[in-house]
Amino acid sequence: MSDSANDLSSLSSLLPPPDSFARRHNGPDAAEQARMLEVLGQSSLDALVDTAVPADIRRDGLDLPPALGESAALAELREIADKNQVFRSFIGQGYYGTHTPAVIQRTILENPGWYTAYTPYQAEISQGRLEALLNFQTLVTDLTGLEIANASMLDEGTAAAEAMMMAHRLRRGKGSTFFVSEKCHPQTIDIVRTRAEPLGLTITVGDHTTFAPDADTVGVLVQYPDTTGDILDFTDFFAAAHAVKAYTVVATDLLALTLLRPPGEFGADIAVGSAQRFGVPMGFGGPHAGFLATKDDFKRQMPGRLVGVSKDAQGNPAMRLALGTREQHIRRDKATSNICTAQVLLGVMASMYAVYHGPTGLRTIARRTKLLTELLAAGLRTAGATVNTAPVFDTLTIGNVAADRVHAAATAQRLNLRAIDTHTVAISLDETTTLEDLHSLLRCFNESVHLPDLTSPSSFDLNSAQFTAPFARTSAFLEAPVFNQHHTEHELLRYIKQLEAKDLSLCHSMISLGSCTMKLNAASEMFPVSWPQFGTLHPFAPAEQTRGYAHLVADLEQWLAEITGFAAVSLQPNAGSQGEYAGLLAIRAYHAARGEPDRTVCLIPTSAHGTNPASAVMGGMQVVPVACDDAGNIDLTDLRAKIEQHAAKLGALMVTYPSTHGVFESTIREICELVHAAGGQVYMDGANMNAQVGLTSPGHIGADVCHLNLHKTFCIPHGGGGPGVGPIAVAAHLAPHLPGHVNWGSTDGRVGAVSAAPYGSASILVISWMYIRMMGAAGLTEATKLAILNANYVAKRLDPHFPVLYRGNEGLVAHECIIDLRAWKAHGLEVEDAAKRLIDYGFHAPTMSFPVAGTFMIEPTESESLAELDRFCDALIAIHGEMQAVVHGESDATNNPLVNAPHTAQALAAGTWDHPYSRETAAFPAPWTRNSKFWPAVGRVDNVYGDRNLVCSCIGMAAFAEN
Ligand SMILES: *Cc1c(COP(=O)(O)O)cnc(C)c1O
């Protein structure tokens, strides 16, 4: 070894901090890169990239702050965090304080075993989160008193909007008004209004006691308890709505429902809300799991993801996502919603909170909250204030006070109350409220008033501490064993770990999901998510307390604008699908502002992701498909024809770049120009930004707007199916039409809110901030180049076995590649067999049958090392060998390791083994499986059976197991 102590240049290389992040984020080191480039016959990484990426779209150089090491970036973010001031929040309005049980924080929120998993499409290696989500659905159905619930919605406001759309579909176009109670949360009303406009629905906001539903009423939405805290009886109102065939929707609160008669018992067709206060920090607005429950009759119109019970190949109960035929990836413009990424991790946390506390514990938390609220009300009354006369749970609207003085006194004690008007304030209590808080709160109104003395019978009306008929809950809930067994920390810890062990995540092996960009979610990026300066802020806290968030948001908006080549960014949409919707709303508003409101045709290539057509419909556009040619590119002849045919009405083209076929189309500039020439706007689906960052950008290519998936390109983990952040970036002419929010007051030109919170899932923005801050321009650009290198290396190795379907310049792919397995069908082998067999090798299948049926789309990302890429390729090549054996008759046509995959430990240990191949071949097909074996919890899951016998709660699961 040469000692270079005397070499000045090598000494000076020691000066930068040693924790450079790009080295840890990016997989292949210099030596590995050289080996891979040799395999590809490329002289250098730059030569490869120059060949793969069309020269006319290249734009080198990003203007970003220089990279910081991990510890320096964390220190800088800590300074930003310290600009936030954490006051006690009594603002309520849909966001409440909660104690996240430490065991849940440590083993779920902060545990890569949970947060790096993918959406549970491969059910056999997802039974853990599927079970947790089944618990979530059970929790929601039990508490709402309805028959079926999904997992999950993006937040309460969008869940209400989805319920309105459900009612609209159920009415099959009859009726045009949707009533919204004025006592719903303001942000919910804002979102519902935004959603209604493109659908041609009129929103009537008013007092439900004076509104008479008629034949034109599609549905009605009320809140229970309402935004003022009142709990009202909607039985008669709902009967009147049903009499004219209107659908009834209740926005409600799960904690309150532990004490209150559930919506299903007073005529609700749909219940929606947020599970935030079940152990999920407010996080300045998100992420949280929204929920939607409904009657069994309406299940086929439900939006979002639904977990159901089915059986596996051995007849054992097994869960999987149910009724997929409602969803955007299958139904496209006919889908029940555009939701793709949901809020799985938060749904899991909320369900575990319920498992931890159980029905008795939850009821105790709720009773305590109710009692404290009544004590505060009694104190306030003696202070001369007016409070609600209807029954309340946790919220008081307090009138006859000098609001300015009250708020000033509250601020002095670091308390936030909800501002209503000059003589009214509102206060919401929660699980975290203490008696001391009540004293502090009372002091804001009157220095000399005291709480009633609970030891003196005359000072407090005991009856007020509980609900009476018709409001009191009489039905039981959460009787399933799972909610009654894990109330000690040991029991919950082991239950969580048991479930975690059933799920394959990035902790085990690469997850090469094309289009989904499962890259490294670094620990240093995740740390700040747990900092209370980010976690405990209420989204409507006063601006002077949230300067840290303002700084974070401004940084990210600026960096993402630079990266996309656009003028302005909105971080509000809380998934890519919501970004698409927001972007199309901006386009719609732009055309309307120019006097061209009829530009509502949206051209979408047939290869597009299902969210594109589903979002276009939500944006009030008519979807016109554009064909792709044999090379996978947009068929320019068809595009020209469609543009000509619809020229007067052309609103937008939605295009993904690089295409969903994994190719840098060389005609992309021309495509944008054709659309612009006809007066249309170009929406770029930015899911594939991982192939663009630092090399080109949507703005540079000529698009007008794009969304980003921060949970793909910018390192927010997938969370097992969410959360996500789907910001949109727009060119200057669209900037006036970005989403507004009722909390921002007048927003001229802006479209309405698309998420309940002004900055959507704000608390996880820290992850993307850390990523960009630690990578810098050079690191990000290198990551893009390595993503292209890794994809081309995998394509090169696999092509002799499974042909690569589409290629660009000189046979190169972009950051992902599609490999073709269609030919094997003739031999009785489906792409699904290869997908399930990959499980036996310890891998998650790549994206299956999108955008082409019978194929895999592989996206390795820059974060995988050569060793991992090789292991993955070796697995697929070995599977190719097993497929060959079937074709050549060396392996049985119908009883072989492929069609029987995956193999469970149970099946392997069974006394009988009626397969012509060995147990060893079944379970240990590759050397690394000897060292580290991932066992699937169940065998191949029967999808069809589950959809025919739909069971979506854990009660059903237990019954199934007994049968
Ligand atoms: C992931 C994806 C989307 C949808 O984004 P979500 O965040 O899941 O809503 C849209 N288009 C493409 C091409 C995608 O890969």
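Helices and strands here are DSSP runs, numbered from the N terminus. The model they describe is predicted.

Start with the stretch that carries a domain annotation. UniProt, in an unreviewed entry, gives residues 783-903 as "domain: Glycine dehydrogenase C-terminal". Over these residues the chain is 40% helix and 8% strand. The C-alpha atoms at the two ends of the stretch lie 36 Å apart.

Now turn to the sheet. Seven strands form an open sheet with mixed pairing. Their order is β14-β20-β19-β18-β17-β15-β16. The edges are β14, residues 568-570, and β16, residues 622-626. Each of these two pairs on one side only. From one strand to the next, the twist averages 25°. Helix α21, residues 576-593, packs on this sheet. It touches β15, β17, β18, β19 and β20. The direction of α21 makes about 175° with that of β18.

Strand β15 is a good place to look closer. Strands of a sheet pair through backbone hydrogen bonds, either parallel or antiparallel. Strand β15 spans residues 601-605 and runs parallel to β16, with five bridges joining the two. Within this pairing, P605 stands opposite V626. I604 has P625 as its bridge partner in β16. β15 also pairs with β17 in the parallel sense, over three bridges. There, V601 stands opposite L650 of β17.

How many residues of β15 are buried? Five of its five are. In a regular strand the side chains alternate between the two faces of the sheet. In β15, V601, L603 and P605 lie on one side, and C602 and I604 on the other. All of these are buried, and both faces of the strand are covered.

Follow the chain onward from β15. It crosses through helix α22, residues 611-618, to reach β16. This β-α-β crossover is right-handed. Helix α22 is mostly covered, with seven of its eight residues buried. T611, N612 and P613 are among the buried ones. So are A614, S615, A616 and M618. After the helix comes G620, which has a positive phi, near 75°.

Next comes a residue that the record singles out. In an unreviewed entry, UniProt lists K712 under "modified residue: N6-(pyridoxal phosphate)lysine". K712 sits in the loop between β19, residues 705-707, and β20, residues 728-730. Is this lysine buried or exposed? Its relative accessible area is 8%, under the 20% cut-off, so K712 counts as buried. Leaving aside neighbours within four places in sequence, K712 is in contact with S515, C516, T517 and K519. A687 and H718 are contacts of K712 too.

One of those contacts, C516, leads to the cysteines. A disulfide is a covalent bond between the sulfur atoms of two cysteines. How many disulfides does the model have? The count is zero. Why is C340 not bonded? The cysteine sulfur closest to that of C340 is in C516, 6.8 Å away, and this is too far for a bond. The cut-off for a disulfide is 2.5 Å. Seen from the other end, C516 is in no disulfide, and its nearest cysteine sulfur is that of C340. Both cysteines lie under the 20% limit for burial. C340 is buried at 18% relative accessibility. C516 is buried at 11%.

Two loop residues complete the tour. A522 lies in the loop between α17, residues 489-500, and α18, residues 523-526. A522 has 6% relative accessibility and therefore counts as buried. A522 and G724 are 202 residues apart along the chain. Their C-alpha atoms are separated by 16 Å.

E110 lies in the loop between α6, residues 102-109, and α7, residues 112-115. With a relative accessible area of 32%, E110 is partly exposed. Which residues does E110 touch, not counting those up to four places away in sequence? They are Q105, Y115 and S530. E110 and Q127 are 17 residues apart in sequence. In space they are 20 Å apart, C-alpha to C-alpha.

Definitions and conventions. Residues are numbered from 1 along each chain as its sequence is written. This is a predicted model: local features need pLDDT of at least 70, side-chain atom pairs count only at pLDDT 80 or more; totals for chains, interfaces and linings use all residues. Side-chain values use heavy atoms; hydrogens and water are left out. UniProt positions are given in the numbering used here, feature names are shortened, and annotations may be inferred rather than shown by experiment. Helices (H or I, at least four residues) and strands (E, at least two) are DSSP runs, numbered from the N terminus. Buried means under 20% relative accessible area, exposed over 50%, partly exposed in between (1.4 Å probe, protein chains only). Contact means heavy atoms within 4.5 Å. Two strands pair if DSSP finds at least two bridges between them. Axes are lines fitted to C-alpha atoms, for helices over the stretch in contact, and angles run from 0 to 180 degrees between N-to-C directions. A crossover is right-handed if, with the strands pointing away from the viewer, the path from the first strand over the helix to the second runs clockwise.
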